[in-house]
Amino acid sequence: MTYLAFLVATGLYLAIGSGGPLHNDQWYDSFQSRVEAVEPDFWLRFVLLVVVPCAGFTLAYAVFEEMFGAAAVLLLGTPALFFSFGRLQWPALVNRFRTRVAAGDVEGALLALDAAGYRMPELDDAMSAERDGARFLLYEGFQRWFSPVFYFLLFGPFFAVGYRLVVLGSGDRNAPMNRVLHFLDWLPSRVLLLTFGAIGNFESIRPLLLNKALDADIKTNELLMQGFELASPVAAAGLDQQIERVRELLKRALAVWVVVASVLVIVS
């Protein structure tokens, strides 16, 4: 049932994208504002914003399991996984970024990412600016599907929901929650890095796996970007195609994960 819930949620997400009542986070924004109003310490904030909602979902799941047995995984696991997927309209965002970069408007391309949460740093040249935007989109592509699926398949729907709640609770002003997110991203990002090596140039990516994969301090987005650049190198003359390569690499990685999950279900 877990595998079926995974397939249904993934199929719906690929077909219709983000949106709908399961991706309406107004309830969470309101809840977060009330929690922040009492100025709790980090651990109380974490308990209220992550543990309590997960506990509520666990209670609902227990009720459904009592009523429907194993079918509860499909009835609640499917919407739980869909809820845990990213909110950004990622394909449309990639298209806007790529179009503006191809037209030579790198600043406009980065501004197109602003509404998605991108914060433009001080950069020396257009190449660095484009790379920074591509790195942002690569990480967003990673956390919108790969991390939730990793925790769903490995630990169940509760962990997938918890991951998305941590993402929703993180931000520029919430350094402790960002550290929790960095910790949660650690293992799935390394698995995705191995996937990049399997579908790209593994010999090029092997030094990165050996030297930096175990580095707990390197940021997830930078690690993935370096892995992408090694697995799918971009010629200097084709920099406007970099973001398209990001899209293609993540698409192929998604297919690999679906195939691997299917094989594991068949042989288990």
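Reader: Before we get going, what counts as a nonpolar core here?

Author: We're looking at a predicted model, so take everything below as computed from it. A nonpolar core is a set of buried Ala, Val, Leu, Ile, Met, Phe, Trp, Tyr and Cys residues, and what joins them is side-chain atoms within 4.5 Å.

Reader: Okay, and which residues touch the most other members of the largest nonpolar core?

Author: That core has 77 residues. Helix α7, residues 126-155, gives the most to it, with 13 residues. The members that touch the most others are L137, W145, F146, L192 and F196.

Reader: Let's stay with W145. What does W145 touch, leaving out residues up to four places away in sequence?

Author: W145 is buried, as is F146. Setting aside residues up to four places away, the list for W145 is F6, T10, Y13, F85, L254, W257 and V258.

Reader: And how are the rings of W145 and F146 arranged?

Author: A pair of aromatic rings is described by the distance of the centres and the angle of the planes. The structure holds 21 aromatic pairs. For W145 and F146, the centres are 4.9 Å apart and the planes stand at 90°, and since anything over 60 counts, the pair is edge-to-face.

Reader: Which residues do ring pairs link into a cluster with W145 and F146?

Author: W145 and F146 are both buried. Ring pairs connect them into a cluster with Y3, F6 and W257.

Reader: There's another pair, Y151 and F155. How far apart are they, in terms of helical turns?

Author: The Y151–F155 pair is stacked, at 6.2 Å centre to centre with 25° between the planes. Y151 is buried at 9% relative accessible area, while F155 is partly exposed at 44%. Both sit in helix α7, and because they are four residues apart there, the separation is about one helical turn.

Reader: Now α2. What span should its twelve residues have, and what is the distance between the end C-alpha atoms?

Author: Helix α2 covers residues 26-37. At 1.5 Å a residue, taken times one less than the number of residues, the helix should span 16 Å. That agrees with the model, where the end C-alpha atoms are 17 Å apart.

Reader: Do the buried residues of α2 lie on the same side or on opposite sides?

Author: The residues in question are Y28, Q32 and V35, which are buried. They cover an arc of only 60° around the axis, so they fall on the same side of α2. Q26, R34 and A37 are exposed on the other side, and what covers the buried ones includes α3 (42-68) and α8 (157-169).

Reader: What follows α2, and what is its phi like?

Author: The residue that comes after α2 is E39. Its phi is positive, near 50°.

Reader: G86 caught my eye. Is it buried or exposed?

Author: G86 sits in the loop between α4 (72-84) and α5 (90-102). Leaving aside neighbours within four places, G86 is in contact with Y13, S18, H23, R144 and R164. Its relative accessibility is 1%, and because the cut-off is under 20%, G86 counts as buried.

Reader: How far is the C-alpha of G86 from that of G141?

Author: Along the chain, G86 and G141 are 55 residues apart. Their C-alpha atoms are separated by 8.3 Å.

Reader: On to charges. How many residues apart in sequence are the parts that R87 and D25 tie together?

Author: The side chains of R87 and D25 meet in a salt bridge, 2.9 Å from N to O. R87 lies in the loop between α4 and α5 and D25 in the loop between α1 (2-16) and α2, so the bridge ties together parts separated in sequence by 62 residues.

Reader: Which residues are linked in a network of salt bridges with E222?

Author: The structure holds ten salt bridges. E222 meets R131 at 3.0 Å, N to O, and that pair ties helix α7 to helix α11 (residues 220-231), 91 residues apart in sequence. E222 also meets R135, at 2.6 Å. Linked with E222 in the network are R131, D132, R135 and E229.

Technical notes: Residues numbered from 1 in each chain as written. Predicted model: local features only at pLDDT ≥ 70, side-chain atom pairs only at ≥ 80, totals over all residues. Heavy atoms only, no water. Buried < 20%, exposed > 50% of the residue type's maximum accessible area, 1.4 Å probe, protein only. Helix = DSSP H or I, 4+ residues; strand = E, 2+ residues; numbered from the N terminus. Contact = heavy atoms within 4.5 Å. Arc of directions from axis to C-beta. Salt bridge = Lys/Arg side-chain N within 4 Å of Asp/Glu carboxyl O. Phe/Tyr/Trp six-rings, centres within 6.5 Å; stacked < 30°, edge-to-face > 60°.
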